[in-house]
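Thanks for asking me to look this over with you. Here are my notes, in numbered points, to read with the structure open beside you.

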Number of protein chains: 2
Amino acid sequence: MSLRYALLALLRVGPLSGYDLQKQFSLSVGHLWHAPGSQIYPELRRMEAEGVVLGEEQARGEKGMRRIYHVTPEGERLYHEWMRSPLDYLRVRDPAHLRAAYLETADPEDARRFLRGHIEEWQAELAQWEAEIARIDAGESPMLLRRLSVTPEAEREATIAYKRFAYEGMVERARTEIAWARRGLDLVDRLAAGRG
Amino acid sequence: MSLRYALLALLRVGPLSGYDLQKQFSLSVGHLWHAPGSQIYPELRRMEAEGVVLGEEQARGEKGMRRIYHVTPEGERLYHEWMRSPLDYLRVRDPAHLRAAYLETADPEDARRFLRGHIEEWQAELAQWEAEIARIDAGESPMLLRRLSVTPEAEREATIAYKRFAYEGMVERARTEIAWARRGLDLVDRLAAGRG
DNA sequence: CTCATCATGTAAGGAGTTACATGATTGG
DNA sequence: CCAATCATGTAACTCCTTACATGATGAG
């Protein structure tokens, strides 16, 4: 149910269309929460039906139309309720570690391929998150700048600090995954050598 | 689609009923992959319809019945195909880090509550995974013993090593999450102090 | 006889995926 | 005029969740 709150978090900064939101998701927030257009548009409509956002029809050229969504007071209330409420954690369901637990049933070469893939996957994510941290530090994150433009001076430090903090967490997770998979590669070698 | 492979991994060791599988999931494998009965039973039926397992009807008492599932050669093939194929990683969708990125919009006390909850959540998981590692080391893991009982001597070391390796990864992830949230608590304090 | 546990499900719905559909506008 | 991109979706499907349904068996 977090998609709704991710949308509210973005819209609270200022009104946006579904299309704009889609872009935000594919850039900044998308590195914490992925959402495709096919999920965003219907969710916005549902949110509008429930009164948490208000869609404003805007003409664009002759016949073009776009719908700009604003957060309503009810949406504001809902957002803060979410912020105050405990998060519900999903039950663990981890395909990589599941496979790792049964790696003795694979060829050593397949085991290595799997672990290398794991490293590559997390390195790609790591690069994204590190890049976002670099943008935050350089004052170049579009999402953060948009946020800061409506943030009173007294809260800017916290806004920047928490955003950085969130991405740091992702960076640390990625590094942990990479270190683990590297140890896995050593393990495959050691076991393969042992049976030569 | 990993549920199917988790089921195959368990059934390859020896035939089990849906009920037995459910128990395995709530114990050992369940710490890597959660699955409730309402998902297991239908999936077994689908797998049987597709010929990857075979259900053997067994009488139990006067009218009681249970269905014991065996992996077929096709199931064996499918399992190894999975082991050889690259994993598909899910797009990131992390409610905790999403919330962390917007923590300046919460009360400091709510922020702390959230972070403490994060620590508790991961500490609970950590305890499970550490307990499983302790059982592996003590030779008391029921799942591992079941596996070893059908594993030739030459592969026992690898079987144990990979199982431990998988759980180590989960332990490291939990420790990373806990360390991150603790830093978050410090950050909340620092920011709250800064604004008195 | 009764309670825990064995045993197997169904039903309704939420959340997310992939693929497709449709058309408008703007810049070169 | 043509391509990129702006703009908004639908449809079908998978996976998973919660809640409920039903009955048998075995231990005390």
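1. Let's begin with the surface near DNA strand C, whose residues divide into 6 nonpolar, 9 polar and 9 charged. Please keep in mind as you read that this is a predicted model.

2. Which residues come nearest to DNA strand C? Of the 24 residues around this strand, they are Met1(A), Gln39(A), Glu62(A), Tyr19(B) and Arg67(B). On the DNA side, sugar or phosphate supplies 78% of the strand C atoms within 4 Å of the protein, and bases supply the rest.

3. Now zoom in on some individual contacts with strand C. Gly64(A) uses a backbone N or O atom, 2.9 Å from a phosphate oxygen of DNA strand C. Arg60(B) instead offers a polar side-chain atom, 2.8 Å from a phosphate oxygen of the strand. Arg93(B) has a polar side-chain atom 2.9 Å from a sugar or linking oxygen of DNA strand C. Two or more residues of the surface near this strand come from each of these elements: helix 3 of chain A, and helix 2 (18-26), helix 3 and strand 3 (64-71) of chain B.

4. Next, turn to DNA strand D. There are 23 residues around it, and Tyr19(A), Met1(B), Gln39(B), Glu62(B) and Lys63(B) come nearest. Sugar and phosphate make up 78% of the atoms of DNA strand D that come within 4 Å of the protein. The residues of the surface near strand D divide into 6 nonpolar, 9 polar and 8 charged.

5. Which part of Tyr19(A) lies 2.5 Å from a phosphate oxygen of DNA strand D? An N or O atom in the side chain of Tyr19(A) does. For Arg66(A), a side-chain N or O atom is 3.2 Å from a phosphate oxygen of strand D, while Glu62(B) places a polar backbone atom 2.5 Å from one. The elements giving two or more residues to the surface near strand D are helix 2 (18-26), helix 3 (37-49) and strand 3 (64-71) of chain A, together with helix 3 (37-49) of chain B.

6. Finally, look at a pair of helices within chain A. Helix 1 (residues 2-13) and helix 4 (residues 73-84) of chain A pack at an angle of about 120°, their axes 10 Å apart. Helix 1 of chain A is therefore oblique to helix 4 of chain A. Their crossing is left-handed.

7. Who meets whom in that pair? In helix 1 of chain A, the residues in contact include Tyr5(A) and Leu8(A), and in helix 4 of chain A they include Leu78(A) and Trp82(A). By class, this contact has 6 nonpolar, 2 polar and 3 charged residues.

Terms used
Residues numbered from 1 in each chain as written. Chains lettered and ligands numbered in written order. Predicted model: local features only at pLDDT ≥ 70, side-chain atom pairs only at ≥ 80, totals over all residues. Heavy atoms only, no water. Near = heavy atom within 4 Å. Polar contact = N/O pair within 3.5 Å; in protein donor to acceptor, adjacent residues only side chain to side chain. Helix = DSSP H or I, 4+ residues; strand = E, 2+ residues; numbered from the N terminus. Nonpolar A, V, L, I, M, F, W, Y, C, P; charged D, E, K, R; others polar. Axes fitted to C-alpha atoms, helices over the stretch in contact; angles between N-to-C directions. Parallel < 35°, antiparallel > 145°, perpendicular 65-115°, else oblique. Left-handed = near helix turned anticlockwise from the far one by under 90°. Contact = heavy atoms within 4.5 Å.
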